[in-house]
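Let's take a walk through this protein together, with an eye on its charged pairs and its surface. Keep the 3D view open as you read.

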Amino acid sequence: MKKNYVHLQNNSKKNPMNKPVLFMVILVACAGSVNGQSRILNKRIKIEIREGSIGSLLDEISRNGGFDFSHNQDIPVNKKVRLRYRRQTVHQFLDEIFEGEVFYIEYGNKVLMKKKPDVPEVYTVLGKVIDSGTGEPVPGATVIIPGSDPLE
């Protein structure tokens with residue numbers, strides 16, 4: 001008799017597909033297909049200040065780039081940072097400021113920003129699904145852990 005084992009693994013450190021991440025992935029994919037290329041993010045600009053709060057640097061970048069940033073309160077606008085360069089693309093400035101901790105995409109004449117979610121711990125669950133009436137393994141069974149579906 002063939003044994004059916006259920007192997008559930010949350011590889012969220014490698015692939016954090018929870019709701020905010022999935023939303024941003026879909027949003028990025030849609031924005032890329034609509035815009036074709038990133039007009040704002042690929043724009044090369046020069047800024048006058050290289051050191052200050054994230055908020056003041058974002059103001060300087062948006063003023064010199066001719067666009068606006070939109071974000072919620074999870075962006076640490078009061079955090080102090082120092083930039084290495086005065087002239088680079090908007091994308092490069094944002095990568096340097098946020099060190100990969102923020103998603104950003106273009107929408108019209110704005111750059112939308114959202115902090116990446118904290119990644120939960122990784123768990124591995126092993127076992128087999130048994131029919132409670134017969135005690136036999138259930139072939140092709142699907143196991144769902146409540147709260148783990150990124151589309152919920």
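What follows is a short tour of salt bridges and then of a surface patch.

Please bear in mind that the model you see is predicted. The count of salt bridges comes to 4, and we will visit some of them here. As a reminder of the principle, side chains of opposite charge can pair when their charged atoms come close.

A good place to begin is helix H2, which covers residues 54–65. Within this helix, the side chains of Glu60 and Arg63 form a salt bridge, with 2.9 Å from N to O. The two residues are 3 positions apart, about one turn of the helix. Their surroundings are worth a look, too. Is Glu60 buried or exposed? Glu60 has a relative accessibility of 7%, so this residue counts as buried, the cut-off being under 20%. Its partner Arg63 has a relative accessible area of 56% and is exposed, because the cut-off for that class is over 50%.

Next, turn to the pair Lys114 and Asp74, whose side chains meet in a salt bridge at 3.8 Å, N to O. Lys114 belongs to strand S8 (residues 110–115), while Asp74 sits in the loop between strand S4 (68–71) and strand S5 (80–82), so this salt bridge ties together parts that are 40 residues apart in sequence. Lys114 is partly exposed at 25% relative accessibility, and Asp74 is partly exposed as well, with a relative accessible area of 26%.

Now move on to Glu96 and Arg84, where a salt bridge joins the side chains at 3.5 Å, N to O. Which parts of the chain does this pair tie together? Glu96 is in helix H3 (residues 90–98) and Arg84 is in the loop between S5 and strand S6 (87–89), so the linked parts lie 12 residues apart in sequence. Glu96, with 16% relative accessibility, counts as buried. Arg84, on the other hand, is exposed, with a relative accessible area of 58%.

Let's finish with the surface and leave the charges behind. Which residues make a nonpolar surface patch of about 210 Å²? The patch is made by Val125, Val143 and Ile145. Ile145 is found in the segment after strand S9 (124–127). With a relative accessible area of 39%, Ile145 is partly exposed. That value fits the patch rule, because patches are made of residues with over 30% relative accessible area and no salt bridge.

Terms used:
Residues numbered from 1 in each chain as written. Predicted model: local features only at pLDDT ≥ 70, side-chain atom pairs only at ≥ 80, totals over all residues. Heavy atoms only, no water. Patch = residues over 30% accessible without salt bridge, like charges linked within 9 Å, V, L, I, M, F, W, Y side chains within 5 Å. Areas by Shrake-Rupley, 256 points an atom, 1.4 Å probe, with all protein chains shown as cover. Helix = DSSP H or I, 4+ residues; strand = E, 2+ residues; numbered from the N terminus. Buried < 20%, exposed > 50% of the residue type's maximum accessible area, 1.4 Å probe, protein only.
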